[in-house]
Number of protein chains: 4
Amino acid sequence: MIPRYSRPEMAAIWSPETRFRIWFEIEAHACDALAELGVIPKSAAETIWKMGKAAEFDTARIDEIEREVKHDVIAFLTHLAEHVGPDARFVHQGMTSSDVLDTCFNIQLVRAADLLIADVDALLAALERRAFEHKLTPTIGRSHGIHAEPVTFGLKLAQAYAEFARNRARLVAAREEVATCAISGAVGTFANIDPRVEEHVAAALGLKPEPVSTQVIPRDRHAMFFATLGVVASSIERLATEIRHLQRTEVLEAEEYFSPGQKGSSAMPHKRNPVLSENLTGLARMVRAYALPAMENVALWHERDISHSSVERMIGPDATVTLDFALSRLAGVIDKLLIYPERMQSNLDRLGGLVHSQRVLLALTQKGVAREDAYRLVQRNAMPVWEKGGDFLALLKADADVRARLDEAELEALFDLDYHLKHVDTVFRRVFGRA
Amino acid sequence: MIPRYSRPEMAAIWSPETRFRIWFEIEAHACDALAELGVIPKSAAETIWKMGKAAEFDTARIDEIEREVKHDVIAFLTHLAEHVGPDARFVHQGMTSSDVLDTCFNIQLVRAADLLIADVDALLAALERRAFEHKLTPTIGRSHGIHAEPVTFGLKLAQAYAEFARNRARLVAAREEVATCAISGAVGTFANIDPRVEEHVAAALGLKPEPVSTQVIPRDRHAMFFATLGVVASSIERLATEIRHLQRTEVLEAEEYFSPGQKGSSAMPHKRNPVLSENLTGLARMVRAYALPAMENVALWHERDISHSSVERMIGPDATVTLDFALSRLAGVIDKLLIYPERMQSNLDRLGGLVHSQRVLLALTQKGVAREDAYRLVQRNAMPVWEKGGDFLALLKADADVRARLDEAELEALFDLDYHLKHVDTVFRRVFGRA
Amino acid sequence: MIPRYSRPEMAAIWSPETRFRIWFEIEAHACDALAELGVIPKSAAETIWKMGKAAEFDTARIDEIEREVKHDVIAFLTHLAEHVGPDARFVHQGMTSSDVLDTCFNIQLVRAADLLIADVDALLAALERRAFEHKLTPTIGRSHGIHAEPVTFGLKLAQAYAEFARNRARLVAAREEVATCAISGAVGTFANIDPRVEEHVAAALGLKPEPVSTQVIPRDRHAMFFATLGVVASSIERLATEIRHLQRTEVLEAEEYFSPGQKGSSAMPHKRNPVLSENLTGLARMVRAYALPAMENVALWHERDISHSSVERMIGPDATVTLDFALSRLAGVIDKLLIYPERMQSNLDRLGGLVHSQRVLLALTQKGVAREDAYRLVQRNAMPVWEKGGDFLALLKADADVRARLDEAELEALFDLDYHLKHVDTVFRRVFGRA
Amino acid sequence: MIPRYSRPEMAAIWSPETRFRIWFEIEAHACDALAELGVIPKSAAETIWKMGKAAEFDTARIDEIEREVKHDVIAFLTHLAEHVGPDARFVHQGMTSSDVLDTCFNIQLVRAADLLIADVDALLAALERRAFEHKLTPTIGRSHGIHAEPVTFGLKLAQAYAEFARNRARLVAAREEVATCAISGAVGTFANIDPRVEEHVAAALGLKPEPVSTQVIPRDRHAMFFATLGVVASSIERLATEIRHLQRTEVLEAEEYFSPGQKGSSAMPHKRNPVLSENLTGLARMVRAYALPAMENVALWHERDISHSSVERMIGPDATVTLDFALSRLAGVIDKLLIYPERMQSNLDRLGGLVHSQRVLLALTQKGVAREDAYRLVQRNAMPVWEKGGDFLALLKADADVRARLDEAELEALFDLDYHLKHVDTVFRRVFGRA
């Protein structure tokens, strides 16, 4: 997480101020439940809420205390007592630090997930708008980087839409994974705290009680969360790579928006580079990398160890802030993408009609030529065009073996572009529910 | 995937024979739909089914053809034609290799997921049985490897049960991710094949049509699948690590079953090592590693490239076979685990009662001592026991400041083990739905 | 490691036969040293060598014994005794299984490294030959996928040569890392075996004694080994990606050799796809992935645990066989690469001279125009050509502000291609030691 | 990189101030060379040095310019011109941004490597001191977490020393990998800049010229650098894991220093947890994770793309700052480690002498018992002690089959601890060059 690749709303989730505020709320909700159960005075719970709400927690002061006691939650509780006064002794009764830390981390992740889901929604909106705009804009479909057969630019965006719709669902599931709360005390036995406290705090904070915690909330949940972010990042890489390819000089079918005054290169004034998409490619590598330590965090020793903590202090913000930034950047790229249908058409025409080779092959087989023979007939007319250019249709017309099966009109009909677009609506209906 | 860590049922999914059989079924189901649509003769579809069902596909022969044509699906179709005869020209009409390859790969993954889910079920059964067996067997809970407070061995297993129940749900979701079928032709436009063929094949094979494929089924699905396997593997590592710790000489609270005639060490006849659990730790590292190339596979170029193929030929079998083996091995370890309650008790008693320090702390605060002061009072009696051994309760009784607040009987009551077990039923009900 | 991506020589290193043969040699060399030290009879050592050399070790029989004793080295020693007779009791005296296993694994890795180094040498030879062949073949240099300024195709290959020369040095260092031998007995104290045995075995097998082993050879060595393979694989990906780009339909400056009879697509007879390079991209992902579990293997518990073993049984063959295959395939791709200088020239000419924009910029600044102003002058003439095509030189000639500084002849001189090639020899001399 | 896990000296390398200062020096050295070659006036070079040295580069101002021009190097050069005046037009002549950025990044990595090497040196010093302090302190060697045979605590530390000595050598090699400079202009052809400029700048900054750069310095160098950091981190994890094990309640042979006033747990005042070592375990996971995107960065497109940039802005600081912090923390842990020889002795005695089982086995074989028979004889006396405790020696003395071969005195001699320590000096001489 570096400022260059951060957006304020996501970064704020990870600020010390937010963290201390969440800690306070967990403690104060727990006090409510403890008061309700008669463990602590109701007046104490009220005082704690009142003074805590009014307090500004002083990060520098808390850091100072932590340097002495070497324990972050104790440092916070000590500072809280400076605001709350004597009733502070009722705070954190029967709880352990992890109750606060883990529940807080999950709340931060849930909030982060909400932002990420909103980011995906914005991206989906941009993809849908541009997909319908270019639903029938013909462009060449490429496999292996080689011209294959015609598609439309809208289909490309529909594919990306479907992929990010899946990613949205995955993020919702990932959010669910971590939306739990543990207030179960040391080693998770509720020895010193009633399970009803956990239930109250969970409900108050929109979480579910963790069925069985062992001081810590089990880290398989977080592994799944960060692995999901890695998958979403990989989809970002896919779309970013597509744009980078489309902007290549020789292709130039689409281009990132280039603002007036922008400089593509300090040395070469003619350059307009897909730098945002390249940047997204790199950011995707980072988000993916964070999935690994999250998975290694699962195997904590016995009821818990604290090796996960340093990892999470880093990947918590790093992964969510980076992915938020990347999703938002990608939505902007799609939203303002410069799209060049004429260039798409001229590229389509580039191979002299070779992109229709399959249709010729199929037509020959339908005329009774064995598939193997038909393949050879088509390939022998295709390869010269591939190697030296030329007009595939003209060669076919001049090939006696081909003409023995297909007359001139039949051959010409096989070169019709619309033939390839007849099911675009079908696909759009599947993806968008409308065409 | 090596024989040492393979089980036959999972390995069979990845055999050439299985693959060719699935390819045949995809092609034959497609022929049915094509015949129904009038594209090919119904008699052809019938012949294809009849001859194909009867055929034994000869892997060596297919390999031989592939060496010539350098294309695996064409090699198979050529071989199929050797069995089917002239009607073979109606096979694969309007389809592309990826229609067969990708749908087949998904079928293999779905079958693999079914086995993995069954594996998890077996593991859950073992965990549940042993958890209830030791529901109230007291054992020390450890944080940071250090004695914390008492738990029960059943709680440890309940935690593992809850974790693998989550993993089961994740595997079901992962299976859903890849349970799709694409028969959409080159670059996925259905130009030469009616979308109803895809719908028919999907239904026949228990899959859903891929809403938008681009010759290939999008690889974000597979990334999610393999990432999920990585998370499951990480949970295996957690439980295996627990057993390794419990079997340590100084702990020895549980032990892998050691069969008569087994040798723990070629050099040291006294050894009984947790080698199965160590093995599981290593296998988990492997399954986790496979998640990464699966994520890198997402960003295929344009409508498709084939870089994913070599990865999947390796991780398809490697990840599923290894995880299947590991889950099955783990179920066996749990099922036959030697559990030593006496040793758990003697370890519990080892710290001279220090594990009750929190209760003393809380009791003092409830008597009106400020938390900070109470902490100091308890810690000053705890540290000598930590460092030199001794009886924590005796020291507390002899501490005038403590005794000013708590009398002898009150102190003794704080050392009651049952105090810690009172919510075991609550947790069991949450996890198992019964206690 | 799957047959499809294996070459026999590397695969043979990992066969059970090779492993047992190496085990035998380690044991037999150790017997020589033990006999020399008077620990066992010299006649026994001689018998062991004689009978062991003559023996064919029966993998099935060893597996059968292992199923009973559940220990691979004991199984082998039992089988060895079946060949050697009573003197077999002198084998393995004071040794532990790891002495045999770890030394054997290192020998296998050293042999694998030797093959990999030879693979790189073959690749370097191909790169050098093609680099000189195209030392002065002009082609466009691209940054961000966008035309930048002219380079030569030889320079591209020189870059790859320099990179693989570095990889060769890294492989030599990686080989050195693992070229050690440990015969130090249980927990590595030499309690039951004289360190001179280790020295003898090491020397006999071309290894160095491990300075301090703890039953196992420390796994940081192997982590470094496999991490190095991951870096080499990443370089393979770089060169493979270059070829994939060059073969794109719109670029088509080079192409993988396409053999007569080859089919690029089952559906589209016109296709010629860079499938080997795409395959290499995928294989690189795999080799890279194996670096991670190798790193996780380092933190064995205490003097040793056996979690590394399952990992190494998999990545030992998988990483080396796959990298060997990939390097060899890449050498073949380079060796037979179809290179199209005319297409390179026509692509170079494509941007209407924009690739000379930097020279115009510099010339203007040398004429006293402030860099910022010069940048704007050049960019305003470049952008129309970028967007609509046209002749950059003509526009510059028609721009009064430009002409105020540079006359027609000066402008024309700035569009000279040779200007960019004047230091090719310098670079070649740096890389190849000759130009 | 978060402040909690940062040390100022390493963090300073990555500050904007340091970066801009290095950029300036690269540009100014290049001006010297350009002036020497007569390309720019000598007075200009002098002015640039003079004004630049005196300047304080204003990060906020540069950021402001960057927001307009969207290019970091142009922003810096614009700001530099604000300090230097009209002669600034001679800066950056014929250079491209990457010349500055890549050379700067390498300088930062070289400086970081120097700090890391110094960190390792401090760790080695601590390890050596403690190793000699406990050269002959007996402790149990453990394999699989199970007592094996005696070692000394000094041997454990000698192993760590040898491992970090290897890591030092690896860091030196990694530093060498990235100690290169590129001033080769757009796409690396030196079209607009003489190669002698590069040679001059390299020499002035203690670097070597990159033999062939393509605008960027090839990223296989950086992949190797970060992979090496991942290996070093894995060694940290190994030593940290050892300490975590030793501090376990049941083992407690060593302990992290616990300062007065420190609190191990907010809830349990008796706790002293190995939190520093656990923290190191987590940090190791992070440093290891950064190796992956570094490897993915290698395959840049053609002469360069900029996808590596976002990765490096993150992992450059993150990996080096984290590893620096971890190495330094580990040195402190070792330096102040509390070591408990009495506890080591009592653990050693724990298994009733079972740790001598191998010696008994060997003695029996030396008396002519077949290995298999001897193994069974020893195992049948060992297992009861393993299972129920007891005195292994006494059981052996009472076993008639054993006594038929070994008399009482012979058996007792086999239980001598010194037997295991006789080669400690040998190992120390190998590792430290002295004993």
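These notebook entries record what I looked up on the contact between chains B and C, and on one helix of chain B, in a predicted model.

**Entry 1: extent of the contact.** I first looked up how many residues each chain gives to the contact. Chain B supplies 41 residues and chain C supplies 40 residues.

**Entry 2: elements on the side of chain B.** I then asked which elements of chain B give two or more residues to the side that touches chain C. They are α4 (59-69), α5 (72-84), α10 (275-289), α11 (291-296) and α12 (307-336). The largest share, 9 residues, comes from α10(B).

**Entry 3: character of that side.** I sorted the residues of chain B that touch chain C by type: 18 are nonpolar, 14 polar and 9 charged.

**Entry 4: relation of the copies.** I superposed chain B on chain C; a rotation of 180° with 0.0 Å of shift along its axis achieves this, with an RMSD of 0.0 Å. The two copies are therefore related as by a two-fold rotation axis. I also looked up which C-alpha of chain B is nearest the axis, and found that of B:Ala289, 2.8 Å from it.

**Entry 5: surfaces used.** I checked the interface residues of chain B against those of chain C. Of those in chain B, 98% are also interface residues in chain C, so the copies meet through the same surface.

**Entry 6: helix α7 of chain B.** I compared the length of α7 (residues 153-178) with expectation. At 1.5 Å a residue, its 26 residues should span 38 Å, and the end C-alpha atoms are 38 Å apart, which agrees. I noted that α7(B) is mostly covered, with 19 of its 26 residues buried.

Conventions. Residues are numbered from 1 along each chain as its sequence is written. Chains are lettered from A and ligands numbered from 1 in the order in which they are written. This is a predicted model: local features need pLDDT of at least 70, side-chain atom pairs count only at pLDDT 80 or more; totals for chains, interfaces and linings use all residues. Two residues are in contact if their C-beta atoms, placed from the backbone, lie within 7 Å. Helices (H or I, at least four residues) and strands (E, at least two) are DSSP runs, numbered from the N terminus. Ala, Val, Leu, Ile, Met, Phe, Trp, Tyr, Cys and Pro count as nonpolar, Asp, Glu, Lys and Arg as charged, and the others, Gly among them, as polar. Copies are superposed by least squares on the C-alpha atoms of residues with pLDDT of at least 70 in both. The expected span of a helix is 1.5 Å times one less than its number of residues. A residue is buried if 20 or more other C-beta atoms lie within 10 Å of its own, exposed if 12 or fewer, and partly exposed in between; C-beta atoms are placed from the backbone.
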